[in-house]
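Thanks for sharing this one. Here are my notes as numbered points, for you to read alongside the model.

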Amino acid sequence: MYLKGPSPQHHDGSGLRVAIVHARWNETIIEPLVAGAKEKLLAAGVKESNIVVQSCPGSWELPIAVQRAFFLSLISASQIQSNTTGAPSATDLLAASTSDLTSLTNSSSGPFDAVIAVGVLIKGETMHFEYIADAAVHGLMRVQLDTGIPVILGILTVLNEEQAKARAGVDGKGHNHGEDWGSAAVEMGVKRQE
Ligand SMILES: O=Nc1c(NC[C@H](O)[C@H](O)[C@H](O)CO)[nH]c(=O)[nH]c1=O
């Protein structure tokens, strides 16, 4: 039995498309987290060409960056489907009802089956940390429920750099949580397709 992380499961990721959207603050920690997530995606059979990595300035921008990645991939998916350039605009898609979006995302050439949002928030002297962490976490939960696309929470909220390194498996310490996020993305992506 496991005390902390979820008991491991094996899922075939060969049919998945996954986005990793990461902030660029604290990049010495972000980089190993993203690498760990990608390693687990590839190990589960996700094709390299089906892993899209995008970035945004900081964790505050992650919810809108994830939502944008989702909608833009919808546009490319509908262009592929309709094979015309007259695909609905981002404005059209933003205005689409949830049920429309659900039908759109069920298409085979649909967008991402899961998105991993990666950020590293390190507590400073002010309350900035708390406000960004709270807003980003609630924002990502809203994006996944609004879009129906699983958004894996890959935001480290730590009190100091040592804690961050330990959770990125840096300096041979601790465990790279990015690996857990990659595995969660495969599981949730497969379950979304069922
Ligand atoms: O402040 N510390 C951090 C931070 N601040 C920037 C914020 O996310 C946003 O990009 C700016 O406020 C501009 O909107 N972003 C992080 O990812 N980690 C931090 O530790």
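1. Let me begin with Asn26, which is partly exposed because its relative accessible area is 26%, a value that falls between the 20% limit for buried and the 50% limit for exposed. Please keep in mind throughout that this is a predicted model. Asn26 belongs to the loop that joins E1 and helix H1 (27-43). Its backbone deserves a look too: phi is positive, about 60 degrees, although Asn26 is not a glycine. Asn26 is also one of the residues that surround the ligand.

2. A second residue with a backbone of this kind is Asp171, a residue other than glycine with a positive phi near 60 degrees. You will find Asp171 in the loop between helix H6 (161-167) and helix H7 (177-193).

3. Stepping back to the overall fold, the protein chain has seven helices and four strands. Read from the N terminus, the order of these elements is β-α-β-α-α-α-β-α-β-α-α. The chain contains 194 residues, and 42% of them count as buried.

4. Now to the ligand, which sits in the second largest pocket. Which elements give two or more residues to the shell around it? They are strand E3 (114-122) and helix H5 (128-147). E3 provides the largest share of that shell, with three residues.

5. The full list of residues around the ligand is Trp25, Asn26, Gly58, Ser59, Trp60, Glu61, Val120, Leu121, Ile122, His128 and Ile132. By residue type, the shell divides into six nonpolar, four polar and one charged.

6. How does the ligand meet polar atoms of the protein? A polar side-chain atom of Glu61 lies 2.5 Å from a ligand oxygen. At Gly58 the partner is a backbone N or O atom, 3.5 Å from an oxygen atom of the ligand. Val120 also takes part through a backbone N or O atom, here 2.8 Å from a nitrogen atom of the ligand. As for cover, the ligand taken alone exposes 450 Å², and the protein buries 76% of that.

7. Two lysines are worth a brief comment. Lys38 lies in helix H1 and counts as partly exposed because its relative accessibility is 25%. The C-alpha atoms of Lys38 and Leu72 are 21 Å apart, with the two positions 34 residues apart along the chain as a sequence separation. Lys47 is found in the loop between H1 and strand E2 (51-56). With 43% relative accessibility, Lys47 counts as partly exposed. From the C-alpha atom of Lys47 to that of Leu33 the separation is 19 Å, and these residues are 14 apart along the chain.

8. My last point concerns His10, in the segment before strand E1 (18-23). Is His10 buried or exposed? It counts as exposed, because its relative accessibility is 70% and the cut-off for exposed is over 50%. The C-alpha atoms of His10 and Phe129 are separated by 36 Å, and the two residues are 119 apart along the chain.

Methods. Residues are numbered from 1 along each chain as its sequence is written. This is a predicted model: local features need pLDDT of at least 70, side-chain atom pairs count only at pLDDT 80 or more; totals for chains, interfaces and linings use all residues. Side-chain values use heavy atoms; hydrogens and water are left out. A residue is near a molecule or strand if one of its heavy atoms lies within 4 Å of it. A polar contact is a pair of N or O atoms within 3.5 Å; within protein, one must be able to donate a hydrogen and the other to accept it, and residues adjacent in sequence count only if both atoms are side-chain atoms. Accessible areas come from the Shrake-Rupley method with a 1.4 Å probe; for residues, only the protein chains shown count as cover. On a 1 Å grid over the protein atoms alone, a cavity is a set of points where a 1.4 Å probe fits but cannot get out, and a pocket is an open set with protein on both sides within 12 Å along at least five of seven lines; lining residues have an atom within 4 Å of a point. A molecule sits in a cavity or pocket if more than half of its atoms lie within 2 Å of its grid points. Ala, Val, Leu, Ile, Met, Phe, Trp, Tyr, Cys and Pro count as nonpolar, Asp, Glu, Lys and Arg as charged, and the others, Gly among them, as polar. Buried means under 20% relative accessible area, exposed over 50%, partly exposed in between (1.4 Å probe, protein chains only).
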